[in-house]
Amino acid sequence: MNFESMKNINQRDLLKTLKVKRFINSQVIYQILKYLVVGLLAAGVDVTSLFLLTELFDIWYVFSAGLSYLLGLSIVFILNKYFTFQKYFFTARQLKKYLLLSATNYILVMILIYFFTESLDISYLIAKMIIILLQVMWNFPLYKFWVFKY
């Protein structure tokens with residue numbers, strides 16, 4: 001391999017890198033911001049309903065967490081599908097993937113809220129907020145590249 005061919009390869013790599021950075025800087029960052037807005041709305045509904053169900057209706061916090069999570073799920077699916085990722089067509093594949101991811105998240109929420117509250121002696125509301133932050137980090141790439149890929 002001569003110097004001229006190495007120079008061309010480096011130019012192509014640089015061009016690819018710049019295209020990737022431009023893609024990340026525009027579309028993906030905009031989607032992340034919209035995802036965070038949707039997440040804040042859903043988290044507000046989730047935490048508020050958790051508090052109300054537990055404190056006002058005297059329901060066990062783990063069961064309340066499950067019910068409040070289900071309320072947040074409906075908001076997240078609809079708004080992320082149409083607002084964040086702008087997928088206006090319906091596919092059973094998207095719904096199946098979303099339900100599978102949601103079921104996995106649901107199980108993790110139940111385990112983590114119980115663990116944080118009972119083992120680490122953290123308030124159930126603080127535990128829920130920590131869990132929401134964790135979910136934000138792993139759910140965006142899963143929504144973007146798996147659930148709403150098509």
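For the close-ups below, Ala, Val, Leu, Ile, Met, Phe, Trp, Tyr, Cys and Pro count as nonpolar, Asp, Glu, Lys and Arg as charged, and the others, Gly among them, as polar. Please keep in mind that the views show a predicted model.

**Close-up 1. The largest pocket has a volume of about 170 Å³.** Two elements each give two or more residues to the lining of this pocket: helix H1 (3–56) and helix H4 (124–147). To find your way around, look for Leu36, Gly39, Leu40, Ala43 and Val47, together with Met129, Ile132, Leu133 and Val136, which line the pocket. H1 supplies the largest share of the lining, five residues. By character, the lining residues divide into eight nonpolar, one polar and no charged.

**Close-up 2. One cavity of 30 Å³ or more turns up in a search of the whole structure.** The volume of this largest cavity is about 270 Å³. Its lining is made of 20 residues, and those that lie nearest the centre are Gly39, Ala42, Val76, Gln135 and Asn139. H1, H2, H3 and H4 each give two or more residues to the lining of the cavity. Of these helices, H1 gives the most, with seven residues. Twelve nonpolar, seven polar and one charged residue make up the lining of the cavity. Gly39 may look familiar, as it also appears in the lining of the largest pocket.

**Close-up 3. Here is the one salt bridge found in a search of the whole structure.** The side chains of aspartate 46 and lysine 128 meet at 3.1 Å, N to O. This pair links distant parts of the chain, with aspartate 46 in helix H1 and lysine 128 in helix H4, 82 residues apart. Are the two partners buried or exposed? Both aspartate 46 and lysine 128 are buried.

**Close-up 4. A nonpolar patch of about 820 Å² lies on the surface.** Its members are Trp60, Phe63, Leu67 and Leu70, along with Tyr106, Ile107, Ile111 and Tyr114. The elements that give two or more residues to the patch are helix H2 (61–84) and helix H3 (92–119). H3 provides the largest share, four residues.

**Close-up 5. Isoleucine 111, a member of the nonpolar patch, sits in helix H3.** Why does isoleucine 111 count as exposed? Its relative accessible area is 51%, and a residue is called exposed when this value is over 50%. Isoleucine 111 is therefore exposed.

Methods. Residues numbered from 1 in each chain as written. Predicted model: local features only at pLDDT ≥ 70, side-chain atom pairs only at ≥ 80, totals over all residues. Heavy atoms only, no water. 1 Å grid on protein atoms, 1.4 Å probe; cavity = no way out; pocket = protein on both sides within 12 Å on 5 of 7 lines; lining within 4 Å. Points joined across faces, edges and corners; volume = space filled by probe spheres on them. Patch = residues over 30% accessible without salt bridge, like charges linked within 9 Å, V, L, I, M, F, W, Y side chains within 5 Å. Areas by Shrake-Rupley, 256 points an atom, 1.4 Å probe, with all protein chains shown as cover. Salt bridge = Lys/Arg side-chain N within 4 Å of Asp/Glu carboxyl O. Buried < 20%, exposed > 50% of the residue type's maximum accessible area, 1.4 Å probe, protein only.
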